[in-house]
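This briefing goes through selected packing and pairing features of one chain. Please read it alongside the sequence and the coordinates.

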Amino acid sequence: MPKKRKSPTGSCLNLLALKSVKQTYRPTLEIQRLLEIFHHMVNDCIEIGISYDAASLKRLSVLSWPQRRKYDCPSYYKASAVSRAAGILASRKKSLRRGIPTKNPYSLRPQITAYQGFRVKDGTLRVPIGKRSFEYVPLTSHTASILLDPAVMVRSFTLTPTSLSLCISKEVPEVECTEAIAVDRNLRNLTVGNDNRVIQYDLSDTVRIVQTTVDVVGSFRRNDARIRTKIASKYGLRRRNRIQHVLHNVTKRIVALAFEGKQGIVLENIEGIRRLYRKGNGQNKKYRGRMNGWSFWEAQRQIEYKARWVGLPVVRLSRRETRGSSLSCPRCGERLQSDKKLRRKLWCGECRMVMDRDVVAAINLARRGRVRFARSRPPIVREAQGGAAEAVKGNPTPTVILRADALK
Ligand SMILES: [Zn+2]
């Protein structure tokens with residue numbers, strides 16, 4: 001959740017937005033040595049944490065200090081190693097509490113994270129490696145261009161053998177919104193809008209990408225689990241990157257349009273939706289595979305961080321508020337009828353009209369979200385009290401529906 005803080009100059013609320021920039025680089029020998037040291041320190045801490053059954057940062061740092069002090073590296077890394085180990089141990093504890101069988105964790109890939117001691121200057125990242133000695137990682141033009149913004153602060157860096165990731169933050173003034181739009185996530189589209197306008201972004205490409213991956217991985221016939229794992233992970237990575245790219249194009253446009261129209265973004269809560277597509281629910285294998293390959297969370301993640309970066313407020317509806325979003329007609333409030341023949345369309349007996357299920361959901365969610373906005377922001381309160389909170393009988397509203405292709 002975003003932190004709100006008062007800016008030192010005015011009374012305007014500022015949001016603290018975070019995101020990361022990632023690039024590739026070539027590690028020098030010194031950085032490789034540091035990566036190894038950090039890796040060993042993390043694993044030492046994990047081992048100590050398990051043997052003493054300690055997962056809290058404080059206890060872990062006290063217990064592991066005798067071990068860590070022997071390493072030859074700047075002290076910031078010793079501190080960050082504990083916090084990384086604490087994170088790994090905390091997630092193990094969570095799994096155990098939930099009854100998921102866990103092995104003893106072990107940090108496999110070398111990696112360094114540090115919050116202090118580094119410096120970004122003249123297009124390079126200066127990484128301390130010892131007393132008064134530094135290594136310089138050149139930043140790509142993309143990374144450097146993002147850091148040009150004087151409001152952007154670099155909070156930490158993470159190095160792996162191939163990539164550098166900078167966590168950056170920015171304080172942005174919150175946009176005063178006059179409207180709300182909701183995002184209805186579906187397998188084949190993202191439907192975004194409110195009473196006035198609904199835009200449907202086509203995502204059928206993502207379904208195709210998932211299916212291609214399944215076909216490609218399934219076409220390998222060699223009976224060797226090691227090779228199969230290798231191939232599956234390679235194509236899985238490719239699948240993730242391609243889907244992320246399609247979603248990136250769409251979410252970027254959604255946030256840009258919302259920012260232009262000063263519209264707050266409402267997100268539904270579809271947690272636990274995977275439970276609907278489990279074995280034994282009477283669905284066929286293909287359908288289940290398709291639904292479980294649906295990356296609905298990624299779309300939400302992208303919309304949230306992009307909106308926050310420009311200062312747009314985002315409201316997450318609770319599960320109760322999300323429930324039944326496509327049950328009632330947004331024009332008259334009558335209960336909608338579904339039919340197998342109508343597929344993803346719904347029929348309103350009162351309006352004598354067929355409506356798109358996703359559009360109905362987006363409109364209803366936007367109205368519910370507007371009520372939530374109204375609790376904290378005065379301009380929308382008046383509108384919401386005027387009767388737009390939920391569809392009222394005899395209050396027809398025409399909606400413009402646009403369709404957009406994800407790739408264009
Ligand atoms: Zn109706």
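The notes below cover the chain as a whole, then helix packing, two strand regions and one residue.

The model is predicted. The chain contains 11 helices and 17 strands. Of its 408 residues, 29% count as buried. Among contacts between residues at least 6 apart in sequence, 66% join residues at least 24 apart.

**Helix α1 against helix α2**

- Helix α1 spans residues 29–52, and its axis lies 9 Å from that of α2, at an angle of about 130 degrees.
- An angle of about 130 degrees falls between the perpendicular range, 65 to 115, and the roughly antiparallel range, over 145, which makes α1 oblique to α2.
- The crossing of α1 and α2 is right-handed.
- On the α1 side the contact is made by Met41, Asp44, Cys45, Ile48, Gly49 and Tyr52, and on the α2 side by Leu60, Leu63, Ser64, Gln67 and Arg68.
- Sorted by class, the residues in the contact of α1 with α2 are 6 nonpolar, 3 polar and 2 charged.

**Helix α2 against helix α3**

- Helix α2 (residues 57–68) packs on helix α3 (residues 75–97) at an angle of about 130 degrees, and the two axes are 10 Å apart.
- The pair α2 and α3 is therefore oblique.
- α2 and α3 cross in the right-handed sense.
- From α2, the residues Leu57, Leu60, Ser61, Ser64 and Arg68 meet Lys78, Ala81, Val82, Ser83, Ala85 and Ala86 of α3.
- The contact of α2 with α3 has 6 nonpolar, 3 polar and 2 charged residues.
- Leu60, Ser64 and Arg68 of α2 appear in the contact with α3 and also in the contact with α1.

**The sheet β4-β5-β6**

- Three strands form an open sheet in the order β4-β5-β6, with antiparallel pairing.
- β4 (119–121) and β6 (133–138) are the edge strands, each pairing on one side only.
- From one strand to the next, the twist averages 35 degrees.
- β4 and β5 (residues 124–130) run antiparallel and are joined by 3 bridges.
- Lys121 has Thr124 of β5 as its bridge partner.

**Strand β9 and its partners**

- Strand β9 covers residues 179–185, and 6 of its 7 residues are buried, so β9 is largely enclosed by the rest of the structure.
- β9 pairs with strand β12 (residues 263–267) in the parallel sense, over 5 bridges.
- In that pairing, Ile181 stands opposite Ile265 of β12.
- β9 also pairs with strand β10 (residues 189–193), in the antiparallel sense and over 4 bridges.
- Here Asp184 stands opposite Thr191 of β10.
- The connection from β9 to β10 is a hairpin through 3 residues.

**Leu159**

- Leu159 belongs to strand β7, residues 153–159.
- Is Leu159 buried or exposed? Leu159 has 25 other C-beta atoms within 10 Å, and the cut-off for a buried residue is 20 or more, so Leu159 is buried.
- Leaving out residues up to four places away in sequence, Leu159 touches Ile31, Leu35, Gln111, Ile112 and Leu164.
- Leu35 is 124 residues from Leu159 along the chain, and the C-alpha atoms of the two are separated by 7.9 Å.

How values were computed
Residues are numbered from 1 along each chain as its sequence is written. This is a predicted model: local features need pLDDT of at least 70, side-chain atom pairs count only at pLDDT 80 or more; totals for chains, interfaces and linings use all residues. Axes are lines fitted to C-alpha atoms, for helices over the stretch in contact, and angles run from 0 to 180 degrees between N-to-C directions. Helices (H or I, at least four residues) and strands (E, at least two) are DSSP runs, numbered from the N terminus. Angles under 35 degrees count as roughly parallel, over 145 as roughly antiparallel, 65 to 115 as roughly perpendicular and the rest as oblique. A crossing is left-handed if the near helix is turned anticlockwise from the far one by less than a right angle, and right-handed if clockwise. Two residues are in contact if their C-beta atoms, placed from the backbone, lie within 7 Å. Ala, Val, Leu, Ile, Met, Phe, Trp, Tyr, Cys and Pro count as nonpolar, Asp, Glu, Lys and Arg as charged, and the others, Gly among them, as polar. Two strands pair if DSSP finds at least two bridges between them. A residue is buried if 20 or more other C-beta atoms lie within 10 Å of its own, exposed if 12 or fewer, and partly exposed in between; C-beta atoms are placed from the backbone.
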